[in-house]
Amino acid sequence: MNAFTLSRGPNREDKKYFTSGDPDTLFSDLQEIGHGAFGAVYCALDERPKSETRGQNVAIKKMSYAGKSEKFTDIVHEIKLLERLRHKNIVRLEECFLKEKDHMVWIVMEYCLGSASDLVDVQPGRLLESEVAQIVRDVLLGLSYLHSTEVIHRDIKAGNILLSENGLAKVADFGSASNKSSANSFVGSPYWMAPEVILAMESGRYTGAIDLWSLGITCIEIADRKPPMFTQNAMAALYQIAQSDPPTLDQNADWSHTFHSFVSCLLKKNPEERFTATEALQHSWFKDNRENPQELVELIDRTKRLVREQDEKQITMQYKKMLRIYKGGD
Ligand code: ADP
Ligand code: MG
């Protein structure tokens with residue numbers, strides 16, 4: 001084995017996905033906004049001379065391919081997939097850069113404010129059912145498009161649903177996606193995983209229907225603040241998903257009968273009985289909750305205010321702590 005097999009670098013074929021030039025000179029004010037297994041995501045000011053978003057924010061996912069030989073292949077796979085996707089409910093890839101000297105790839109994307117999981121974390125209580133419906137409808141529109149192009153996302157969860165300033169929810173993070181209409185590998189996040197993905201370890205294949213199961217779990221995650229079985233370890237949860245009846249929304253909360261019915265149509269253990277994305281969009285839950293991006297804009301504003309208040313409280317707490325330390329108090 002030599003250095004090349006240890007860390008497969010880009011070949012000529014791969015290079016067509018990358019813009020040449022040093023991205024350090026094209027973006028400024030990088031601030032970390034998210035973190036994942038691959039590295040970090042930054043918000044940055046776009047200073048590209050010919051860019052439509054010049055002077056505005058973009059998101060940059062910096063991924064390192066140092067070390068493992070498969071990593072670069074995985075990154076190029078994610079880029080190839082995202083590059084051909086164009087939909088208002090799929091996060092848009094703008095441009096990719098290669099910093100060969102640092103073994104880094106920069107993926108420049110449209111900037112979103114944060115994930116649906118961040119929203120749930122910041123809000124002290126439950127979201128309104130109509131707010132959940134706005135997010136879920138957008139994800140379904142994104143999924144319906146993805147499945148029509150034979151892409152399976154394979155990691156639908158609130159942390160991978162991003163919200164834009166104008167009140168749209170967008171499917172993000174194509175690091176686990178498959179570009180075939182059926183697949184058989186064990187990929188995804190345990191608590192959100194469809195039974196047939198767990199069982200496909202032994203036999204069989206699965207289709208885009210797995211994303212609809214994960215969306216059903218995501219409905220519970222967004223509405224009841226945690227996916228089912230979150231207090232159990234991942235192995236026990238996987239076993240239960242495969243063996244037990246499908247989970248439901250919290251029966252003691254005030255969710256409407258229609259919302260319960262909608263979630264149960266997504267959480268069918270048999271993928272053939274499960275709604276497709278297009279069918280799910282026809283459910284009466286969406287007739288009760290008409291499309292209204294303004295509702296998400298207001299939710300985002302409320303969340304921003306809460307974050308600011310929490311920041312201020314924390315600064316005050318730190319200040320008080322410092323005072324105590326300096327004064328030598330308790
Ligand atoms: P991972 O594969 O590590 O989960 P993601 O692509 O999901 O990587 O990004 C991790 C986090 O970074 C997201 O949960 C989100 O908070 C943030 N993030 C990713 N892309 C964007 C974006 N385009 N705009 C704003 N935040 C983003
Ligand atoms: Mg993610």
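The exercises below concern a predicted model, and each is followed by a worked solution.

**Exercise 1.** Work out the order of the strands in the open sheet that holds E6, E7 and E8, and find which of them lie at its edges.

Solution. Begin with the sheet as a whole, which is open, has three strands in the order E6-E7-E8, and shows antiparallel pairing. Next, look for strands that pair on one side only, and these prove to be E6, at residues 114-115, and E8, at residues 169-171, which are therefore the edge strands. Then turn to E7, which covers residues 161-163 and is joined to E8 by three bridges, the two strands running antiparallel. Within this pair, Leu-162 stands opposite Lys-170 in E8.

**Exercise 2.** Describe the largest pocket by its volume, its lining and the element that gives the most to that lining.

Solution. The volume comes to about 1,100 Å³. The lining consists of 38 residues, and those closest to the centre are Gly-36, Phe-38, Val-41, Lys-61 and Asp-173. Several elements supply at least two lining residues each, among them strand E2 (39-46), strand E3 (57-64) and helix H3 (69-83), while E1 gives the most, with six residues. Sorted by class, the lining has 17 nonpolar, eleven polar and ten charged residues.

**Exercise 3.** Do likewise for the second largest pocket, and name the element with the largest share of its lining.

Solution. This pocket has a volume of about 290 Å³, and 13 residues line it, with Leu-113, Gly-114, Thr-303, Lys-304 and Val-307 nearest its centre. Two or more lining residues come from each of E6, helix H4 (116-122) and helix H12 (293-327), and H12 has the largest share, with six residues. By class, six of the lining residues are nonpolar, three are polar and four are charged.

Key. Residues numbered from 1 in each chain as written. Chains lettered and ligands numbered in written order. Predicted model: local features only at pLDDT ≥ 70, side-chain atom pairs only at ≥ 80, totals over all residues. Heavy atoms only, no water. Helix = DSSP H or I, 4+ residues; strand = E, 2+ residues; numbered from the N terminus. 1 Å grid on protein atoms, 1.4 Å probe; cavity = no way out; pocket = protein on both sides within 12 Å on 5 of 7 lines; lining within 4 Å. Points joined across faces, edges and corners; volume = space filled by probe spheres on them. Nonpolar A, V, L, I, M, F, W, Y, C, P; charged D, E, K, R; others polar.
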